[in-house]
Amino acid sequence: MSRFPTRPIARLGGHGGIVHAITYSSGSSDFILTGCADRTIRLYNISRASLDSGNPTSGLVKKFSAHGYEVLSLAVNQGNDRFVSTGGDKTVFFWDVATAQTLRTWRGHGGRINACAFGGEDESVVVTGSWDGTVKIWDVKSNSPKPIMTLDDAKDSISDVCVFDAEIISGSVDGRVRSYDLRMGMCNVDVIGHPVTSLTVTKKGSEILTSSLDSTVRLMDRENGQLLKAYRDEGFVNNELRVKSTLGQNDSVVLSGSDDGMVYAWDLLEGDVLHKFKHSDMREVKGKKPSMTAGGQKDVASSVAFCKIRKEWASGGGDGNVVVWGIEP
């Protein structure tokens, strides 16, 4: 396996609350977009950022403000000129990056919107999942304020959504992962048994990574629902808060935040813990995890994102910072 990024190379500061969402830009992935409980979205140029805590806004390019409540999810299009944000105000914002203005706002959900994703041919639709238990599909090219479709099979809050080809996949607090094949008009349901908080489809699309509130990350076979591997550790805690997990290094590594501010990296095939990190301290933890007292949401490592181009990843947490990790020289 290739070397794993373990060295903090940049600290993206300025937020005043939990960083719920992190996404790298498309293409060269030189920029990071962040969404926070402080109701703002920030765009950073990684190459211009530093580790200097005395300059909390180093690398900051632009700030986006429209949300009236916390920002919970972000999705960037392939052209890097548009993105979508959702949050606690039950509203979907469709943004123009250059002007920092919203091009459209969509309303129709009955609760906070936890997740969003682009989909369809030429990213012509936006998919959102909400606390109201529904998944809605919005037409980017239409001026209609109403969704073109609503999927309401879930029995509880939708925590995450993703799109793969013509399939929409949702994870719910009812412990189910639902895959909607819109071409066939079918819905397949996989039972996780615990509230699902995060979804990531592998590059080939045959497996899906799920996080759930039993301190377990699972790799599932999408065709038959079989559990392929479970990722755990005696120190890994995720039983209360919504934290993100993801895949990296060509789908060879599983990465997840935790309730207590740690970030774990597992080998995808073997399931062994490769590395542990303390987000707020910007350091790797060797050996057993240090004992920690529960500090509530301010200590959570809430979001992680892997760069598709460089050997680099980012973590966001309750301290309002995003730490970018790179390869040791």
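What is the volume of the largest cavity? In this predicted model, the largest cavity has a volume of about 30 Å³, and the legends below place that space among other parts of the protein.

**Figure 1. The fold as a whole, a protein of strands without helices.** The protein contains 29 strands and zero helices, and its C-alpha trace spans about 50 × 45 × 35 Å along the principal axes. The radius of gyration is 18 Å, which agrees with the value near 20 Å that a compact globule of 329 residues would have. Of the 329 residues, 56% count as buried, while the accessible surface comes to about 13,900 Å², with 46% of that area belonging to carbon and sulfur atoms. Among contacts between residues at least 6 apart in sequence, 46% join residues at least 24 apart.

**Figure 2. The largest cavity and the residues that line it.** The count of cavities of 30 Å³ or more comes to one. The lining of the largest cavity is formed by His20, Arg242, Val243, Lys244 and Ser302, and by class these residues divide into one nonpolar, two polar and two charged. Lys244, one of the lining residues, lies in the loop between β21 (227-231) and β22. Apart from its neighbours within four places in sequence, Lys244 is in contact with Asp160, Ser198, Leu199, Leu255, Ser256, Gly257, Ser302, Ser303 and Val304, and Ser302 also belongs to the cavity lining. The C-alpha atoms of Lys244 and Ser212, residues that stand 32 apart in sequence, are 9.8 Å apart in space.

**Figure 3. The second largest pocket, with its lining of 20 residues.** About 440 Å³ of space lies in this pocket. Of the 20 lining residues, Arg112, Asn114, Glu240, Leu241 and Arg242 lie nearest the centre of the pocket, and the lining as a whole has nine nonpolar, seven polar and four charged residues. Arg242 appears here in the pocket lining and also in the lining of the largest cavity.

**Figure 4. Lys90 and its contacts with a stretch that includes Arg112.** Lys90 is placed in the loop between β7 (82-87) and β8 (91-96), and with a relative accessible area of 39% Lys90 is partly exposed. Leaving aside neighbours within four places in sequence, the contacts of Lys90 are Trp106, Arg107, Gly108, His109, Gly110, Gly111, Arg112 and Ile113. Lys90 and Arg112 are 22 residues apart along the chain, yet their C-alpha atoms are separated by 4.7 Å. Arg112 is also one of the residues nearest the centre of the second largest pocket.

**Figure 5. Two loop residues with positive phi, Glu123 and Asp251.** Most residues other than glycine have a negative phi. Glu123, which is not a glycine, nevertheless has a positive phi of about 55 degrees, and this residue lies in the loop between β10 (113-119) and β11 (125-130). The phi of Asp251, likewise a residue other than glycine, is positive and near 60 degrees, and Asp251 is found in the loop between β22 (245-248) and β23 (253-256). Are these residues buried or partly exposed? Glu123 is partly exposed, with a relative accessible area of 22%, whereas Asp251 is buried, with a relative accessible area of 16%, because buried means under 20% relative accessible area.

Methods. Residues numbered from 1 in each chain as written. Predicted model: local features only at pLDDT ≥ 70, side-chain atom pairs only at ≥ 80, totals over all residues. Heavy atoms only, no water. 1 Å grid on protein atoms, 1.4 Å probe; cavity = no way out; pocket = protein on both sides within 12 Å on 5 of 7 lines; lining within 4 Å. Points joined across faces, edges and corners; volume = space filled by probe spheres on them. Nonpolar A, V, L, I, M, F, W, Y, C, P; charged D, E, K, R; others polar. Helix = DSSP H or I, 4+ residues; strand = E, 2+ residues; numbered from the N terminus. Rg over C-alpha atoms; globule rule 2.2 N^0.38 Å. Buried < 20%, exposed > 50% of the residue type's maximum accessible area, 1.4 Å probe, protein only. Contact = heavy atoms within 4.5 Å. Areas by Shrake-Rupley, 256 points an atom, 1.4 Å probe, with all protein chains shown as cover.
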